There are 2 protein chains.
Amino acid sequence: MESDKDQRRSNVTLKQVAERAGVHASTVSRALNAATRSMVAEDVVARVEKAAAQMGYRRDPVAASLRTGRSKLVGVLVPDIVNPVFGPILSGVSELFASQGYSVIVADVGNDENRQLELVQGLIAHRVDGLILATVSRDDPLVDYCLSRKLPAVLVNRAEMRARLPAVISDDALGMQLAVDHLVELGHRTIGHLAGPSRHSTGYLRRRGFQLAILSHGIELQDAPCQDTLAYTREEGAAATHRLLDASPNLTAIASANDLLALGAYDALRERGLSCPADISIIGHNDMPMLDLVSPALTTVRISHKQMGRQAGQLLQAAIENNDSPPHNVVLPSQLVVRASTASPRA
Amino acid sequence: MESDKDQRRSNVTLKQVAERAGVHASTVSRALNAATRSMVAEDVVARVEKAAAQMGYRRDPVAASLRTGRSKLVGVLVPDIVNPVFGPILSGVSELFASQGYSVIVADVGNDENRQLELVQGLIAHRVDGLILATVSRDDPLVDYCLSRKLPAVLVNRAEMRARLPAVISDDALGMQLAVDHLVELGHRTIGHLAGPSRHSTGYLRRRGFQLAILSHGIELQDAPCQDTLAYTREEGAAATHRLLDASPNLTAIASANDLLALGAYDALRERGLSCPADISIIGHNDMPMLDLVSPALTTVRISHKQMGRQAGQLLQAAIENNDSPPHNVVLPSQLVVRASTASPRA
DNA sequence: CTTGTCTCTGCAATCGATTGCAGAAATAAT
DNA sequence: ATTATTTCTGCAATCGATTGCAGAGACAAG
C-alpha cells in the first residue's frame with residue numbers, strides 16, 4: 001500500500017536532510033534556495049549541500065507550490081496540435097522553458113472551442129505560473145479572464161487588436177507586401193486573396209496587408225477580390241478558390257493568407273483543369289514543412305514559428321518573474337520563399 | 001502583494017464551504033468526492049453541494065495531490081514534437097485525457113537525448129500519475145526506471161522487444177507485407193529497403209517484416225538489399241538511397257520504413273536524374289499529412305496515429321486506476337494507400 | 001432497560017516546503 | 001563594559017485537502 005508511494009518519489013524530504021546536516025528544516029530550505037542562501041552561513045550551506053547531494057534530495061514542487069502559489073509550470077493553449085505550425089511553436093516554447101526548469105502543460109482545444117475557458121481553469125487549478133495562448137481571436141474573452149486573474153500570459157501567432165497582453169506575431173502586413181510585390185513584379189495585375197477567418201488577427205491583418213500592398217502598386221481594389229474562409233483548411237481554401245474564380249474569371253494570381261488555404265487552391269485548380277503556375281500563380285503563407293515537395297513547390301512567406309515560440313517563452317518568463325514591463329508586441333519579420341507555384345501570367 | 005495570489009485562484013476553500021454549509025471540512029471533502037459520498041447523509045450532501053455551487057468552489061488539485069500523491073496529471077515524452085506523426089498522437093492522447101479530467105504535460109526531448117531521464121524526473125517531481133513514452137529504443141533504460149519506480153507507463157509508436165510495459169504500436173510486419181505485396185504485384189523483383197534506425201522497434205521490425213515479406217514471395221534476400229539509416233530524416237533517406245542505388249543498380253523499387261526517408265529518396269532520385277515511378281517505384285510508411293500533394297503523390301502504409309494516441313491513453317488510464325492487467329501490446333492494423341509513386345517496372 | 005450494531009460527523013494529523021517572527025550569538029559602536 | 005546592531009538559526013504557522021480514528025446518536029436486538 002504505502003510502498004507504492006514511497007517508491008514513486010525520491011522520498012527524501014527537507015526534514016531528513018536537515019537531520020543529517022544537523023540543522024533545522026527551515027535552514028535547509030534557505031540554504032538550498034538561491035534567493036535566500038545569503039541568510040545562511042557559508043559553512044552551513046556547504047554542509048547542507050553535501051548532505052542533500054549524498055541523499056539525492058529533490059525538492060518537491062507540489063509541496064512548494066502549495067505554500068508559495070508558484071509551480072514552475074506553464075500552460076500552452078493551442079487550437080489544434082495537428083496543424084503543422086504549432087509543432088515548431090511548441091518546440092520553441094518548451095525548449096526555452098526546459099532550460100529554465102519549467103515544465104509545459106499543453107492543452108489542445110481541438111474541436112470544442114467553447115471548452116477553452118474550462119481548459120484554462122484546469123490549468124489555473126494546477127497553479128500554472130503563466131499561459132501562452134495560441135488560440136485567441138481578435139477580441140477574446142479569454143484575455144479578459146487572464147487579466148482579471150492577473151495571470152501572466154503571452155499571445156503567440158495570433159494577437160488581439162488592442163495590446164492588452166504581450167504578443168509575438170509575424171509581420172502580417174510585411175508578409176503580404178512581399179507576396180504582392182513578387183506577384184506584381186512577375187506581371188500580375190489582377191490578384192485575388194484567400195483571406196483567413198476575420199475573427200483571427202492573422203486573417204484580418206493579412207487581408208488588410210494585402211489590400212494596402214495592392215494599393216501601393218496603384219492597382220484598384222476591384223481588381224483585387226478577396227474571399228473569406230471560415231477556417232485554415234484545404235477544404236475551405238478549395239471552396240473559396242472556386243468562389244474567387246467564379247466571380248473574377250480574369251484572375252491570374254492568388255495570394256493566400258495561409259499555406260493550407262493555398263493547397264486547397266491547388267485542389268480547386270485541379271478540379272477545374274487549370275494548371276499552376278501556367279494559368280494561375282499561387283502563393284502561400286507560413287512556410288510549413290514539406291512545401292518544397294508538393295507539386296508545384298509552393299512559393300510562400302516564411303515565418304519562423306520556432307523563433308516565435310522561443311520569444312513568447314522569453315516574454316512569459318519575464319512577465320512571471322517581474323510584474324512590470326508593459327504589454328508590448330514582438331513582431332517578427334517574414335521572408336519570401338520563391339518556389340515553383342508563381343510565374344509570369346500568360347501574355 | 002497578497003492580492004495577486006488571492007485573485008489568481010478561486011480562493012474558495014473547503015473550510016469556507018464547510019462553514020457555509022454548517023459542517024466540518026472533512027464532511028465537505030467526503031460529500032464532494034464520488035468515492036466517499038456514501039459516507040455522508042443524503043441531505044447533508046445536498047446542502048454541501050448547494051453551498052459549493054453557490055460559492056463556486058473548485059477543489060485545489062495541488063493540495064489534494066500533496067496529500068494523496070495523485071495529481072490528475074500525465075506526462076508524455078516525445079522525441080521531436082515537430083515531426084508530424086506526433087501531432088496526431090498527442091491529439092489522441094490529450095483528447096482522451098481531457099475527457100477524463102486529466103491534464104497532459106508534454107516534454108519534448110528534442111536534440112538532447114541524454115536529458116530524457118532528467119525530463120522524466122521532472123515529470124515525476126510534479127507527481128504525474130503516469131507516463132506515455134513515444135521515445136523508447138528497443139531496450140530502454142527509461143523503462144527500467146519507470147518499472148523500478150512502479151510508475152504506470154505506456155509505450156506508443158515504438159515498443160521494446162520484451163513486453164515489460166504495455167505498448168500501442170502498428171503492425172509493422174503487416175505494413176511491410178502490404179508494401180511488398182503491392183510492389184511484387186506490380187512486377188518488381190528487385191526491391192530495396194530503406195531501414196529505420198535499428199535501435200527503434202519500428203526500424204527493426206519493419207526491416208524484418210520486409211525480409212519476411214520478400215521471402216514469402218520466393219524472392220532471394222540478395223535481391224532485396226537493405227540500407228540502414230541513423231534517423232528518420234530526408235537527409236538520411238537521400239544518403240541511404242544513394243548507397244542503395246550504387247550497390248544495386250538494377251533495383252526497380254524501394255520500400256521505405258518511413259515517409260520522410262521516402263521523401264529523401266525522392267531527393268536522391270532527383271539528384272541522379274532518375275524519375276519516380278518510371279525508373280524507381282517508392283513506397284513510404286506512416287501516411288503523414290500532405291503526402292497526397294507531393295510529387296509524385298506517395299504510395300504509403302497508413303497508420304492511424306490519433307487512434308494510437310487514444311488507445312495508449314486508455315491503457316494508461318487503466319494502468320493508473322487499477323494496478324492489475326498484465327502488460328500487453330495493442331497492435332493496430334495498417335493499411336495500404338496507393339498513390340502515384342508506384343508503378344510497374346519498365347519492361 | 002441494557003447492550004450491541006450502524007450510520008454519520010468531527011477531530012486532528014498529515015503531505016513537504018516556505019516564511020514571518022523572535023531569540024541567540026557575534027560583532028560593532030559608544 | 002554596556003548598549004546597539006548585525007548575522008544567523010529555530011520555532012511554528014501556513015498552504016488546502018484527505019483520512020484513520022473515535023465519539024455521538026439512532027435504532028434494533030436481547
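This passage looks at the enclosed cavities of the structure and at the protein surface around DNA strand D.

The model is a predicted one, and the empty space inside the protein is a handy place to start. Rolling a probe the size of a water molecule over the atoms shows where empty space is left. Here, that search turns up six cavities of 30 Å³ or more. The largest cavity takes up about 190 Å³, and 17 residues line it. Sitting closest to the centre of the largest cavity are A:Val82 and A:Pro84 from chain A, along with B:Val82, B:Asn83 and B:Pro84 from chain B. Helix α6 (86–98) of chain A and α6 (86–98) of chain B each put at least two residues into this lining. The largest share goes to α6(B), with three residues. As for chemistry, the lining of the largest cavity is made of 13 nonpolar and four polar residues, with no charged ones.

Next comes the second largest cavity, with a volume of about 120 Å³. From chain A, the lining of this cavity takes A:Pro61, A:Val62, A:Ser65, A:Ser71, A:Leu73 and A:His126. From chain B come B:Pro61, B:Val62, B:Ser65, B:Ser71, B:Leu73 and B:His126. The elements giving two or more residues to this lining are α5 (61–68) of chain A and α5 (61–68) of chain B. The residues around the second largest cavity split into six nonpolar and six polar, and once again no charged residue turns up.

Turning to the DNA, 26 residues lie around strand D, and the ones that come nearest are A:Thr27, A:Val44, B:Leu14, B:Tyr57 and B:Arg67. Of the strand D atoms that come within 4 Å of the protein, 63% belong to sugar and phosphate. Two contacts from chain B go to phosphate oxygens of strand D. In one, an N or O atom in the side chain of B:Arg59 is 2.8 Å from a phosphate oxygen; in the other, a backbone N or O atom of B:Asp60 lies 3.4 Å from a phosphate oxygen. A base is reached as well: a polar side-chain atom of A:Ser26 lies 3.5 Å from a base nitrogen of strand D.

Helices α3 (25–32) and α5 of chain A, together with α3 (25–32) and α5 of chain B, each supply at least two residues of the surface near strand D. Here α5(B) gives the largest share, five residues. By class, this surface has eleven nonpolar, eight polar and seven charged residues, whereas the linings of the largest and second largest cavities hold no charged residues.

Notes:
Residues are numbered from 1 along each chain as its sequence is written. Chains are lettered from A and ligands numbered from 1 in the order in which they are written. This is a predicted model: local features need pLDDT of at least 70, side-chain atom pairs count only at pLDDT 80 or more; totals for chains, interfaces and linings use all residues. Side-chain values use heavy atoms; hydrogens and water are left out. On a 1 Å grid over the protein atoms alone, a cavity is a set of points where a 1.4 Å probe fits but cannot get out, and a pocket is an open set with protein on both sides within 12 Å along at least five of seven lines; lining residues have an atom within 4 Å of a point. Grid points are joined across faces, edges and corners, and a volume is the space filled by probe spheres set on the points. Helices (H or I, at least four residues) and strands (E, at least two) are DSSP runs, numbered from the N terminus. Ala, Val, Leu, Ile, Met, Phe, Trp, Tyr, Cys and Pro count as nonpolar, Asp, Glu, Lys and Arg as charged, and the others, Gly among them, as polar. A residue is near a molecule or strand if one of its heavy atoms lies within 4 Å of it. A polar contact is a pair of N or O atoms within 3.5 Å; within protein, one must be able to donate a hydrogen and the other to accept it, and residues adjacent in sequence count only if both atoms are side-chain atoms.
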